[in-house]
Amino acid sequence: MPNPRLAMHPHITHLISETDYCVRFISGRAALDCLLNHMPDIRRAFIPLFTCDTVLEPFVLRGIPVQRYLINEDLSPILPINAEKSDLLLLTNYFGFTCQQVKTAAADFPGISIIDATTALYSAPPDNTSCFYSPRKFCDSPTGGLALAHFPLSKLPPKDKQDSQQWLQAIAHHNKQMQVICCERALRHRIDRLSSPDSARWNNVDWQADARQRLHNYAILHAQLKSINRLRLPEIPSSAPMCYPLLSGIPLLRDDLADAGLHLPLFWPEVIRRTTAADWENYLARNLLPLPLGPNMSEANICRMAQLILYSS
């Protein structure tokens with residue numbers, strides 16, 4: 001049984017159990033697929049340049065034209081000026097720090113908005129806005145995505161994988177933009193719902209403790225590193241963050257951390273390939289260091305990491 005005390009936390013109630021409005025999937029990409037299956041005809045989609053290419057796939061499969069947009073230095077979106085009601089805006093809540101920015105953008109956009117919260121598990125979506133999450137990135141699980149909507153999610157794939165092909169073909173029959181060949185490609189990308197064993201493991205995660213530890217570790221890091229961080233981060237985040245995004249400009253800092261045994265991922269290497277060195281998104285992808293905040297990072301580890309970074313500066 002899910003831990004009932006999780007319901008006390010306003011930003012993690014969506015992690016407790018499935019409902020008609022909240023459904024678990026094998027990945028965040030599969031959760032996005034589910035949300036798009038419930039959308040009216042979309043003329044085009046606006047997707048941030050600073051994001052993972054994985055989010056493009058569901059739109060490409062449906063033949064929806066995609067336009068990329070830029071972000072400001074505070075990570076807020078630079079909205080398109082020619083958007084219409086038939087357009088869709090994908091907004092990214094970066095690491096849980098742009099809750100207000102995406103809320104404002106969603107309210108200002110004339111069409112449909114979907115929040116990409118795959119790096120912002122503990123953030124709540126704005127009213128009347130759908131959202132998808134990737135809990136697996138927070139609990140060291142190979143699977144786990146979540147679709148959260150303000151309407152009932154009825155067009156769902158079965159949990160039985162043997163029925164997945166039949167479901168995909170049914171969706172194709174009713175969606176003129178999605179052909180059977182696209183469905184077959186989608187099947188290879190695994191749009192399955194989360195299996196019962198994986199869902200049971202999910203229920204056993206103490207999300208409340210995880211969120212609390214992340215906020216504690218963030219406070220320690222921010223107190224020591226805010227003076228060298230180009231990103232203006234809050235003293236107290238509105239939700240527990242995935243990581244501490246450090247943008248310091250210290251030469252070879254990533255290499256120094258790797259030499260010390262801390263190997264940090266790039267968010268996202270494909271951004272570097274499709275931009276020039278003069279672009280803000282390129283600079284972010286090359287230099288942003290997502291410092292870990294999870295429960296595996298003790299206070300002593302957090303302090304050692306901060307001291308290593310300050311010594312490198």
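In this predicted model, Phe50, Tyr94, Phe95, Phe267 and Trp268 come together as one aromatic cluster. The count of aromatic pairs in the structure comes to eleven, and one of them lies between two members of this cluster: the ring centres of Phe50 and Trp268 are 5.0 Å apart and their planes stand at 65 degrees, so the pair is edge-to-face. This pair links distant parts of the chain, since Phe50 belongs to the loop between strand E2 (44-48) and helix H2 (57-61), while Trp268 belongs to the loop between helix H8 (253-259) and helix H9 (269-273), 218 residues apart. Both Phe50 and Trp268 are buried.

A second edge-to-face pair is formed by Trp202 and Trp207, with 6.4 Å from centre to centre and 70 degrees between the planes. Trp202 is buried, with a relative accessible area of 4%, and Trp207 also counts as buried, at 1% relative accessibility. The ring of Trp202 has a further partner in Arg24, whose charged end sits over that ring at 4.5 Å from its centre.

Trp202 leads to helix H6 (residues 196-203), where the buried residues are Asp198, Ser199 and Trp202. Seen down the axis of H6, these buried residues fall within an arc of 100 degrees, so they line one face of the helix. The general background is that an α-helix has 3.6 residues a turn, so residues three or four places apart point the same way. On the face of H6 turned away from the buried side are the exposed residues Ser196, Pro197 and Arg201. The buried residues of H6 are covered by elements that include strand E1 (22-25), strand E7 (145-148) and helix H7 (207-225).

Strand E1, which contributes to that cover, is itself covered on both faces: Cys22 and Arg24 on one side, and Val23 and Phe25 on the other, are all buried. In a regular strand the side chains alternate between the two faces of the sheet. E1 and E7 run antiparallel and are joined by four bridges, with Cys22 standing opposite Leu148 in E7.

Helix H3 (residues 99-108) can be read in a similar way, beginning with its buried residues, which are Cys99, Val102, Ala105 and Ala106. Around the axis they cover an arc of only 135 degrees, which puts them on the same side of H3. The exposed residues Gln100, Ala107 and Asp108 are carried by the face turned away from that buried side. Strand E4 (87-92) and strand E5 (112-117) are among the elements that cover the buried residues of H3.

Cys99, one of the buried residues of H3, also enters the question of sulfur bonding. A disulfide is a covalent bond between the sulfur atoms of two cysteines, and the structure holds zero disulfides. For Cys131 the reason lies in distance, because the closest cysteine sulfur, in Cys99, is 9.4 Å from its own sulfur, too far for a bond when the cut-off is 2.5 Å. Cys131 is buried, with a relative accessible area of 1%, whereas Cys303, at 28% relative accessibility, counts as partly exposed.

How values were computed:
Residues numbered from 1 in each chain as written. Predicted model: local features only at pLDDT ≥ 70, side-chain atom pairs only at ≥ 80, totals over all residues. Heavy atoms only, no water. Buried < 20%, exposed > 50% of the residue type's maximum accessible area, 1.4 Å probe, protein only. Helix = DSSP H or I, 4+ residues; strand = E, 2+ residues; numbered from the N terminus. Arc of directions from axis to C-beta. Contact = heavy atoms within 4.5 Å. Phe/Tyr/Trp six-rings, centres within 6.5 Å; stacked < 30°, edge-to-face > 60°. Lys NZ or Arg CZ within 6 Å of the ring centre and 35° of its normal. Pairing = 2+ DSSP bridges.
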